[in-house]
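Biologist: I would like a close look at one part of this model, its interior. Please keep it brisk, and explain each term as you go.

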Amino acid sequence: MLDGDRLALARLITRIENRMPDVSDIMRAIHERTGRAYVLGITGPPGAGKSTLVDRVTSLLRAEKIPVGVIAVDPSSPFTGGAVLGDRIRMQAHTLDPDVFIRSMATRGSLGGLARATGDVIKLMDATVVALVPESGDSIQAMKAGLMEVADIFVVNKADRDGAHALMAELRFSVHLHYTSGAAAKDVDWEVPVLAAQAANDVGIDALLADVRKHRSALEQAGALEKRRQARRRAELEALLVEEFSAQITARVQTDPALARTLEAVTAGTLDSYSAVAQILAQTLKRP
């Protein structure tokens with residue numbers, strides 16, 4: 001993979017997705033080569049034109065000779081657990097470009113829509129664009145609180161449709177109110193821009209990429225980019241500790257009668273979970 005073998009990369013991603021036993025070896029082997037990419041997350045409701053937006057941004061980046069990797073995180077198929085491949089179909093214009101790598105990953109039921117394996121495939125996620133369409137206006141109130149926290153840029157795609165101006169006006173009001181309220185801790189002075197686009201017609205993509213770069217510059221000047229990356233490394237470590245500890249407990253139940261009794265008591269309702277955690281920690285941490 002490090003020599004540019006795309007098939008090797010695809011095979012390693014499959015091993016990571018399937019959480020094969022050698023995942024830790026793979027991640028250790030590439031550690032010194034990670035942390036150099038800038039990761040852009042694009043999210044939004046179905047039909048917002050996210051795939052087309054990604055396709056057009058990819059075209060602009062490739063015109064600058066910048067290599068691009070695209071991970072399309074899709075809802076898992078209820079039949080196979082695999083990803084829906086619509087994004088790859090819509091971005092097939094780039095499939096023959098050796099400097100564009102496109103891969104679909106299933107959420108596999110993960111909270112927030114991101115499979116845990118995505119964190120290994122894409123180590124860092126440093127900026128988020130939320131793509132909306134004019135019809136999103138009816139549900140914007142319900143979405144607003146979460147969007148204000150996650151979005152670094154708003155894009156109203158298909159902006160030639162009715163309702164686009166009204167949605168943009170509401171978003172801009174909400175963004176400014178959030179920016180001036182001090183409701184959320186800010187590590188960078190950034191008022192989220194609200195952009196209009198028609199990705200299918202290549203309208204507004206230049207402005208989007210320009211604002212992505214402005215956001216990165218703001219993060220770097222404030223020293224926030226490295227702090228966010230440090231926080232994500234710490235969060236990754238904590239998540240891996242939980243995952244490994246849970247796996248060890250599950251394995252020990254087969255050979256440790258005391259541990260098995262504790263879990264059975266919780267299942268039966270005769271022991272509360274907090275007391276069980278204290279007992280499990282006492283039973284396991286003192287043993288090699």
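Modeller: We begin with the ground rules, go into the interior, and then step out to the surface.

This is a predicted model, in which local features need pLDDT of at least 70, side-chain atom pairs count only at pLDDT 80 or more, and totals for chains, interfaces and linings use all residues. Residues are numbered from 1 along each chain as its sequence is written, and side-chain values use heavy atoms, with hydrogens and water left out.

The protein chain has 11 helices and 6 strands. Both are DSSP runs, numbered from the N terminus: helices are H or I with at least four residues, strands are E with at least two. Of the 288 residues, 37% count as buried. Buried means under 20% relative accessible area, exposed means over 50%, and partly exposed lies in between (1.4 Å probe, protein chains only).

Now the interior. In soluble globular proteins, nonpolar side chains tend to be buried together. A nonpolar core is a set of buried Ala, Val, Leu, Ile, Met, Phe, Trp, Tyr and Cys residues joined through side-chain atoms within 4.5 Å. The largest one here has 40 residues. Ile 153, Phe 154 and Leu 208 touch the most other members. Helix H8 (residues 205–222) gives the most to this core, with 6 residues. Apart from it lies another core, of 8 residues. Val 23, Met 27, Ile 30 and Met 105 are among its members.

Back to Ile 153. Which residues does Ile 153 touch, not counting residues up to four places away in sequence? Thr 128, Val 129, Val 130, Trp 190, Val 192, Pro 193, Leu 195, Leu 208, Asp 211 and Val 212. Contact means heavy atoms within 4.5 Å. Across the protein chain, residues 24 or more positions apart account for 69% of the contacts with a separation of 6 or more.

Ile 153 belongs to strand E5 (residues 153–156), which is covered on both faces. Ile 153 and Val 155 are buried on one side, Phe 154 and Val 156 on the other. E5 pairs with strand E6 (residues 194–196) in the parallel sense, over 3 bridges. Two strands pair if DSSP finds at least two bridges between them. Val 155 stands opposite Leu 195 in E6.

Follow the chain into the loop between E5 and helix H7 (164–181), and you find Lys 158. Lys 158 has a positive phi of about 55°, although it is not a glycine. Most residues other than glycine have a negative phi. Lys 158 counts as partly exposed because its relative accessibility is 24%.

For contrast, look at the surface. Phe 245, Val 277, Leu 281 and Leu 285 form a nonpolar patch there, with about 350 Å² of accessible area together. Accessible areas come from the Shrake-Rupley method with a 1.4 Å probe; for residues, only the protein chains shown count as cover. Helix H11 (residues 273–285) supplies the largest share of the patch, 3 residues. Phe 245 lies in helix H9 (residues 224–252). Phe 245 counts as partly exposed because its relative accessibility is 32%. Patch residues have over 30% relative accessible area and no salt bridge; nonpolar side chains (Val, Leu, Ile, Met, Phe, Trp, Tyr) are joined within 5 Å, like charges within 9 Å. A salt bridge is a side-chain nitrogen of Lys or Arg within 4 Å of a carboxyl oxygen of Asp or Glu.
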